[in-house]
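Me: Could you take a close look at one helix in this model for me, and then show how the rest of the chain is arranged around it? A connected walk-through would suit me well.

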Amino acid sequence: MNSILRNDKYCTILEEEEDMFSDVCTNDGKKLWEYGIVPYVFNDNVSDELKKLVMEAMKRITRVSVIKFVKRMNQRDYIKISDKGKFSSYVGRIGGKQNLHVTKDEIRWPNTVGSVMHELMHALGFYHEHCRPDRNEYVHVGRTSRNYERFKESDVLCYGPYDFESIMHYSEKQGVMLIPGVNARIGLYVSPFFLFLLLPSSHNNIFPQLK
Ligand SMILES: [Zn+2]
């Protein structure tokens, strides 16, 4: 198995907002970044090597979207990227400074760029794909923590078909199994491209070129 496809460890969604689990992709305009511009700063503890990987993750997202990551000048809302020996992020823009945690540990997280992209996608407003209301038609999720909780249909806005290859989809090692008869691969963490098929209409204004 290609080591780049393994993701034994999962990230943690930071808990601050009560309603942060109300959508697969947020349809709350307040959680979106104005004009798709995301200011960021690095904490001093992020090595140059890790910075380069974060920049690469940003580049891969900007290549397929109109999102722009810009170094923070004096913007009120921004992401502070720190090395905390783990991966975690809030979902969407929460207002003011918001932490986003990354690390470089290729034993536990072999695909650093993919893992960083996953966290950046959270910060852009995306939830885990395997938490969609229709997920039980495709996968069996044996775990019950917040990272696995299935959304109610009435609470979310899903757009497009279930995306097995989404960078927001956990792998079997992370506790998400394909149900018998479903032929797909999951937990690929290869690209956010497929994820963009799932954008709710409220995101169209920040990803206008994506149909
Ligand atoms: Zn996640």
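Reply: Happy to. In this predicted model, α2 is 13 residues long and spans 18 Å from its first C-alpha to its last, close to the 18 Å expected at 1.5 Å a residue. The helix is mostly covered, with 12 of its 13 residues buried. Among the buried residues are Thr112, Gly114, Ser115, His118, Glu119 and His122, so the covered set is not limited to nonpolar side chains, given that burial here rests on having 20 or more other C-beta atoms within 10 Å. Also buried in α2 are Val116, Met117, Leu120, Met121, Ala123 and Leu124. Just after the helix, Gly125 takes a positive phi of about 120°.

Now for the core that α2 helps to build. The largest nonpolar core holds 30 residues, and those with the most contacts inside it are Ala57, Met117, Leu120, Met121, Ala123 and Leu124. Two or more residues each come from β2 (37-42), α1 (48-63), β4 (78-83), β6 (97-102) and α2 (112-124). Of these, α2 gives the most, with six residues. Apart from this core lies another, of six residues, including Tyr138, Val139, Phe164 and Val176. As background, nonpolar side chains tend to be buried together in soluble globular proteins.

The strands that share the core with α2 are also linked to one another. β2 and β4 pair in the parallel sense over three bridges, and Tyr40 has Ile79 in β4 as its bridge partner. β4 in turn pairs with β6, again in the parallel sense, over six bridges; here Ile81 is matched with Leu100 in β6.

Stepping back to the chain, you will find two helices and eight strands, which follow the pattern β-β-α-β-β-β-β-α-β-β along the sequence. Of the 211 residues, 37% count as buried. Among contacts with a separation of 6 or more, 73% are between residues 24 or more positions apart.

One last backbone detail may interest you, away from the helix. Tyr35 sits in the loop between β1 (12-13) and β2, and has a positive phi of about 60° although it is not a glycine. Tyr35 is exposed because its count of other C-beta atoms within 10 Å is 11, and the cut-off for exposed is 12 or fewer.

Methods
Residues are numbered from 1 along each chain as its sequence is written. This is a predicted model: local features need pLDDT of at least 70, side-chain atom pairs count only at pLDDT 80 or more; totals for chains, interfaces and linings use all residues. A nonpolar core is a set of buried Ala, Val, Leu, Ile, Met, Phe, Trp, Tyr and Cys residues joined through C-beta atoms within 7 Å. Helices (H or I, at least four residues) and strands (E, at least two) are DSSP runs, numbered from the N terminus. The expected span of a helix is 1.5 Å times one less than its number of residues. Two residues are in contact if their C-beta atoms, placed from the backbone, lie within 7 Å. Two strands pair if DSSP finds at least two bridges between them.
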